[in-house]
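Me: I want the labels on this model justified, one by one. Give me the value, then the cut-off, then the verdict.

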Amino acid sequence: MKIKGYALAAISAISYGLIPLFILPVKASHFSLDTTLFYRFFISALFLLGYLVYKKESLRVNRSEFMILAILGLFYALSAEFLFLGYDYLSPGIASTILFVYPVIVALVMTFFFKEKITGLTVLSLIITIGGIIALSAKDGALNINLTGLLITLLSATFYALYMVVVNKAKIAASGFKITFYSLVFSAVFYLGKTLLLKESLAIPNVAVFFNFTAFAFVTTVLSMSSLVYAIKTIGSTPTSILGALEPVVAVAISVMLFHESLSLSLIIGIAFILTGVMINIISERAKEKVAQPDLPL
């Protein structure tokens, strides 16, 4: 059972790390990214709707839950928006690695807005993570990362962190799949509105593009999120989060092998520092949870 849990955690991270494989060709072809993301979230929501109907889970929510779920959808959509905009300024490998700092941002939000005590390990993780970002910026002894791209991608990480904080703090009487379903629905609504506002076409040119959208939605969203939920249930959140380190590694590997990103020493050091900093933060947060409430047997 544990082996299955670790495998599912790895599948979740790897499938999410495959995003550049689908997004970069779309950008290269100059097809509407807003339309692409609308169909990604819309088709993903349809997959989850089918699952919820199969499990006979009610889709009913009250007014306060509706507002919270709408906020979650907005945060999720904005995280995607800024990540893919960051691809225009940074390489996909670097952007995906910077996105992975979101657990550290979660810890900072909990410290400054919810008055949680910051630990020495959290401070250490923040210092190491910043060191990793500096290393990613280094080339020929100088810092030359695109500052606009860095700030945009950090915004992506921030909105994803806020998504995680709201899920953690909001009182929603719903399963993880139901919360995810509504997050995807509201994300789709965001991109539908943006597409209509910018007067972009929603037409799908051919069957091949439709299957590409479906594969994009299934692999990077449905498969990733479903595997994540089951992995957490099986092995817990900490091991699942640690295996999430495969996500930026996969993104970097795809960028290097398929899109000719240079695998420089600074990139390797930066990735290593950021992954180390995030792992320290995850372990620190888990230690605080154990002090507050010991683990119960599954």
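What follows is a set of short questions and replies on the labels used for this structure.

Reply: Some ground rules come before the labels. This is a predicted model, so local features need pLDDT of at least 70, side-chain atom pairs count only at pLDDT 80 or more, and totals for chains, interfaces and linings use all residues. Residues are numbered from 1 along each chain as its sequence is written, and side-chain values use heavy atoms, with hydrogens and water left out.

Me: Why is H5 called oblique to H8?
Reply: Helix H5 (residues 92–99) and helix H8 (residues 147–169) pack at an angle of about 45 degrees, with axes 8 Å apart. Angles under 35 degrees count as roughly parallel, over 145 as roughly antiparallel, 65 to 115 as roughly perpendicular and the rest as oblique. The angle falls in the rest, so H5 is oblique to H8. Axes here are lines fitted to C-alpha atoms, for helices over the stretch in contact, and angles run from 0 to 180 degrees between N-to-C directions. Helices themselves are DSSP runs (H or I, at least four residues), numbered from the N terminus.

Me: Which residues make the contact of H5 with H8?
Reply: H5 brings Ala95, Ile98 and Leu99, and H8 brings Leu150, Thr153, Leu154, Ser156 and Ala157. Contact means heavy atoms within 4.5 Å. By class, six of these residues are nonpolar, two are polar and none is charged. The nonpolar class is Ala, Val, Leu, Ile, Met, Phe, Trp, Tyr, Cys and Pro; Asp, Glu, Lys and Arg count as charged, and the others, Gly among them, as polar.

Me: What is the hand of the crossing of H5 and H8?
Reply: H5 passes H8 in a right-handed crossing. A crossing is right-handed if the near helix is turned clockwise from the far one by less than a right angle, and left-handed if anticlockwise.

Me: What makes H5 mostly covered?
Reply: Eight of its eight residues are buried. They are Pro92, Gly93, Ile94, Ala95, Ser96, Thr97, Ile98 and Leu99. Buried means under 20% relative accessible area, exposed over 50%, partly exposed in between (1.4 Å probe, protein chains only).

Me: How do you know that H1 and H10 are roughly antiparallel?
Reply: The axes of helix H1 (residues 2–17) and H10 cross at roughly 150 degrees and come within 8 Å. The angle is past the antiparallel cut-off, and therefore H1 and H10 count as roughly antiparallel. Their crossing is left-handed. On the H1 side, the contact includes Lys2, Gly5 and Tyr6; on the H10 side, Val219, Thr220 and Leu223 are among the residues met. The residues of this contact divide into eleven nonpolar, seven polar and one charged.

Me: What makes Phe31 and Phe213 a tilted pair?
Reply: Their ring centres are 5.9 Å apart, and the planes make 50 degrees. Rings of Phe, Tyr and Trp (its six-membered ring) pair if their centres lie within 6.5 Å; planes under 30 degrees apart count as stacked, over 60 as edge-to-face and the rest as tilted. Both values meet the rule, so this is a tilted pair. Phe31 lies in the loop between helix H2 (19–29) and helix H3 (33–54) and Phe213 in helix H10 (residues 207–235), so the pair ties together parts 182 residues apart in sequence. A search of the whole structure finds 22 aromatic pairs.

Me: Are Phe31 and Phe213 buried or exposed, and why?
Reply: Phe31 has a relative accessible area of 27%, so Phe31 is partly exposed. Phe213 has 4%, so Phe213 is buried.

Me: Why does Ile127 count as exposed?
Reply: Ile127 is at 54% relative accessibility, and therefore counts as exposed. Ile127 is found in helix H7 (residues 120–137).

Me: Why is Val249 called partly exposed?
Reply: Val249 is at 39% relative accessibility, so the verdict is partly exposed. Val249 has its place in helix H12 (residues 246–259).

Me: What is notable about the phi of Lys56 and of Lys199?
Reply: Most residues other than glycine have a negative phi. Phi of Lys56 is near 60 degrees, a positive value. Lys199 has a positive phi of about 55 degrees. Lys56 lies in the loop between H3 and helix H4 (63–86), and Lys199 in the loop between helix H9 (176–197) and H10. With 77% relative accessible area, Lys56 is exposed; with 76%, Lys199 is exposed.

Conventions
Helix = DSSP H or I, 4+ residues; strand = E, 2+ residues; numbered from the N terminus.
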